[in-house]
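Please find below a colleague's note on the model under review. The points are meant to be read alongside the sequence and the coordinates.

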Amino acid sequence: MYLSEEKTKRAVLARVKRPSRYIGGEWGSGPVKDGNNNILRVCYAFPDVYEVGMSYLGYQILYSLTKSLPYADAERVYAPWPDMEEVLRSSHCKLWALESKRPVCDFDVVGFTLQYELSYTNILTILDLGGVPLRSEHRGDSDPIVIAGGPGALSPEPVAPFIDAFCIGDGEVLVPDVMNVLHELQGRPRNEKLLALSKISGVYVPQIQVSDPVRRRIAEDLDSSFYHTDMIVPNTGIVHDRVAVQVFKGCTRGCRFCQAGMIDRPVRERSASSVAKQIDTLLKKTGWEEVGLLSLATCDWTQLDDAFKKIRPILEGNKVKLSLPSLRVDAFSVNMAAGLESMRKGGLTFAPEAGTQRLRNVINKGVSDDDIDSALEATFSHGWDRVKLYFMMGLPTETEEDLAGIHDICDRAVSIARRNKRRGDISASLAGFVPKAHTPFQWEAQLDRASLRERGRWVKNNIRNRKVSLTYHEPEQTYLEGVFARGDSRLADAIEEAWRRGARFDGWTEHFNFERWSEVFRDLEIDPDSYACRARALNEKLPWDHINSGVSKAFLMHEREKAFAGERTRDCREGCNGCGWQGYTNVRGCSNGQN
Amino acid sequence: MYGDAAMVRIRIIFEKKGLISFLNHQDLPVLFSRAAKRAGLSMEFTQGFSPHPHISLGPPLASGVEGCYEPADFWFNEWGGTSLEVWNAALPEGLKILECAEADGPALAKSAVAAVYRICGLGFELGEKAKTVLQESVGENTLYAASVDCGCIVLAVGDLEHCSAGSLVKILRENGICSGWPDLFIVRESVGSWDAVSGRVLPLI
């Protein structure tokens, strides 16, 4: 960096909170590959603040993967906090990537991940401050190609006008193909690049019409596909400050409300020895004090016991702690957690999701009252004092009895704690249910805001026990999430207009302004209720029908019927349920499924 | 409180330059200990409920201020001839250990009591007026020496707890010399003890 450039950046950084978010230089980042024009320069942009974005494993993997391609280089940028945005604007300074400090507009490719609907406005902040035209149609040959992946890419229309190409599926297999095509076409006109991208299996280019739905692409064998052996180690504390290793993709449980469990099929496991080896390498290279084994349900990993045996010597020799992101609701999981030092502090968290067996059957959450009680029994008998319980409200078919069931579970927790002579502080968290695309509940109406608030209040006001505390989410953010989760491309106008009127970091309560969004919808004559709170007819064409997640619509409809009949669907490890992947992939267990 | 008799206390002198000077002082222990771990060095851990590497940092260096000669003490289970080299190789850009030595004297906090600051304007020169303002406001008990050098003010100060870079910036701002941090580039050139005879801040190694 030239000294004068550093001076400008110093003057900017001296005026913001937490300037270390914007300085880069972390161990494992860079070095920037030398400046010949043949290098395809990719900037991975995370539409939230540094501490959140740096905790996202996906980008650690894609960064490392992209840097491993001889013809490509990766850098990073995160959404600037509003104070930084203000300083950048007032000093006419473009948002820079952390590694080379070059502005975002100087990259060949800018990649976003769509993890959360309420971060969509931050995409616009990054593009605008980075000097990139907001809409695909306004970009020219010298502008970057803007790509996006993540779960949001499976219902992409609300942000489709801002994105040139969506990657549907696992980045490990999509990124090399996308980068290769863009590298071959460096210097060629933009139209040519978009056309070539649209021909890659798993890539959706909104500007190019194709007849068949874009089918999600997956990495079939995780041990032999790319996994990271290097990580960027932040210089300052972040949300998940540890080595992270994904131990499997997908989930076999088939919870009907869970988008991740539907769109990340089939389940694909890593082997214990491959994971242990990766952890050993990562610990040596990063110096981190903790390791997290990540997946949608790590306690379901069939290799877990074996992996513990293999990992333990590595951990003990290095004073490293092991953590699990979430626990299954049963005694087995708690007993396992009891053996992990990192889990001893604080409390344990469980997600029964619903208060009665009836409603848990509707959502196919395979947890019984016995499972809950035995998990609580194990928790308090092992000496924990605190338990956090996650529930949802506004689930299809929910009645007052189901909400009262939440009280029952909390009360049982208190008495189990008392029996074990533990303090037994129970904190319950109640989130509004958001029906998501590609799930059996994608046709349902989301509960309106007034009713959500009323139910939240009712549950809170009727708590009988002093040891139980309950927080419920204010429904406005839930509602807006619901609008975008099943939205179409008309909503892009609302996103852009709300952003122009100041919407930033909508997922952060301190920045969220619902009134502003309401005004925008009113001024643009868009009815947000028609997205969130409207039940769809089963034969209605859905805005995400052109994306094939791999799970068939017929399966989703069948699951919906079973939900309303209160029927469970078995865990697909116990036998194939015919979700649509059977016979389509070579993944073990799915290659010749039966109905 | 601290275990093993075989441990060795190593005092390092490091520099913190470039944009990494915007990293908070309190982020440094974790950063140095992770680097030591990457280098394969074995640090002494504190006992107790939440063991962590045994480290003692010098007086806080404000965010944005470059440090040229910053002291810190680290306790290791083993320390050898190549340890410094491998540790340095595992540090992020901008942080570099310049010297190290086994230490057995008083705690760092007791000996790191004086510092030299160089205050420069970004794009303008500071002169006698700024010097006088600082001299008057800091007071002679705390201010050991002050001079103007190449458009910058060089100050040797004591009482580091109260006389931080932040307090110097505040004085300059309140007296209309600058608008605050964004106008200035500050370097802490040395940290140590004040020697009135030589008129210098003596290093801690």
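The numbered points that follow treat a predicted model and move from the chain contact to individual residues.

1. Contact between the chains. Chain A and chain B each bring 21 residues to their contact. On the chain A side, α1 (3–13) and α9 (272–286) are the elements that give two or more residues. The largest share, five residues, comes from α1(A). By class, this side of chain A has eight nonpolar, six polar and seven charged residues.

2. Domains of chain B. Chain B is divided into domain 1 (8–110) and domain 2 (113–202), and the C-alpha centres of these two domains lie 26 Å apart. Twelve residues of domain 1 and eleven residues of domain 2 make up the contact between them. The side of domain 1 that touches domain 2 has seven nonpolar, three polar and two charged residues.

3. A mixed sheet in chain A. Six strands, in the order β2-β1-β3-β4-β5-β6, form an open sheet with mixed pairing. Strands β2 (72–78) and β6 (203–204) stand at the edges with a single partner strand each, so one side of each has no neighbour in the sheet. At the β6(A) edge, β5 (residues 165–167) pairs with β6 in the antiparallel sense over two bridges; A:Phe166 has A:Tyr204 as its bridge partner there.

4. The nonpolar core. The largest nonpolar core has 234 residues, and A:Val159 and A:Val203 have the most contacts inside it. Helix α15 (residues 400–419) of chain A gives the most to this core, with eight residues. Leaving aside neighbours within four places in sequence, A:Val159 is in contact with residues including A:Leu114, A:Tyr120 and A:Ile123, as well as A:Ala492 and A:Ile495.

5. Strand β15 of chain A. In a regular strand, side chains alternate between the two faces of the sheet. Along β15 (residues 425–432), A:Ile426, A:Ala428, A:Leu430 and A:Gly432 point to one face and are buried, while A:Asp425, A:Ser427, A:Ser429 and A:Ala431 point to the other and are not. Strand β14 (residues 386–393) runs parallel to β15(A) and is joined to it by eight bridges. Opposite A:Ala428 stands A:Leu389.

6. Helix α19 of chain A. Within α19 (residues 514–523), A:Trp517, A:Val520 and A:Phe521 are buried. Seen down the helix axis, the buried residues fall within an arc of 95 degrees, so they line one face of α19(A). They pack against α17 (475–485) and α18 (491–500) of chain A. The face turned away from the buried side carries the exposed residues A:Glu515, A:Arg522 and A:Asp523. Just after α19(A), A:Glu525 takes a positive phi of about 55 degrees.

7. Cis peptide bonds. The bond from A:Gly30 to A:Pro31 is cis, with omega near -10 degrees; A:Pro31 lies in the loop between α1 and β1 (40–46) of chain A. The bond from A:Arg265 to A:Pro266 is also cis, with omega near -10 degrees, and A:Pro266 lies in the loop between α8 (259–263) and β10 (268–269) of chain A.

8. Positive phi in loops. Are A:Arg18 and A:Phe505 buried or partly exposed? A:Arg18, in the loop between α1 and β1 of chain A, has phi near 45 degrees. With 17 other C-beta atoms within 10 Å, A:Arg18 is partly exposed. A:Phe505, in the loop between α18 and α19 of chain A, has a positive phi of about 45 degrees although it is not a glycine. A:Phe505 counts as buried because it has 20 C-beta neighbours inside 10 Å.

Definitions and conventions. Residues numbered from 1 in each chain as written. Chains lettered and ligands numbered in written order. Predicted model: local features only at pLDDT ≥ 70, side-chain atom pairs only at ≥ 80, totals over all residues. Contact = placed C-beta atoms within 7 Å. Helix = DSSP H or I, 4+ residues; strand = E, 2+ residues; numbered from the N terminus. Nonpolar A, V, L, I, M, F, W, Y, C, P; charged D, E, K, R; others polar. Pairing = 2+ DSSP bridges. Core = buried A, V, L, I, M, F, W, Y, C linked by C-beta atoms within 7 Å. Buried ≥ 20, exposed ≤ 12 C-beta atoms within 10 Å, placed from the backbone. Domains from an automatic or database assignment. Arc of directions from axis to C-beta.
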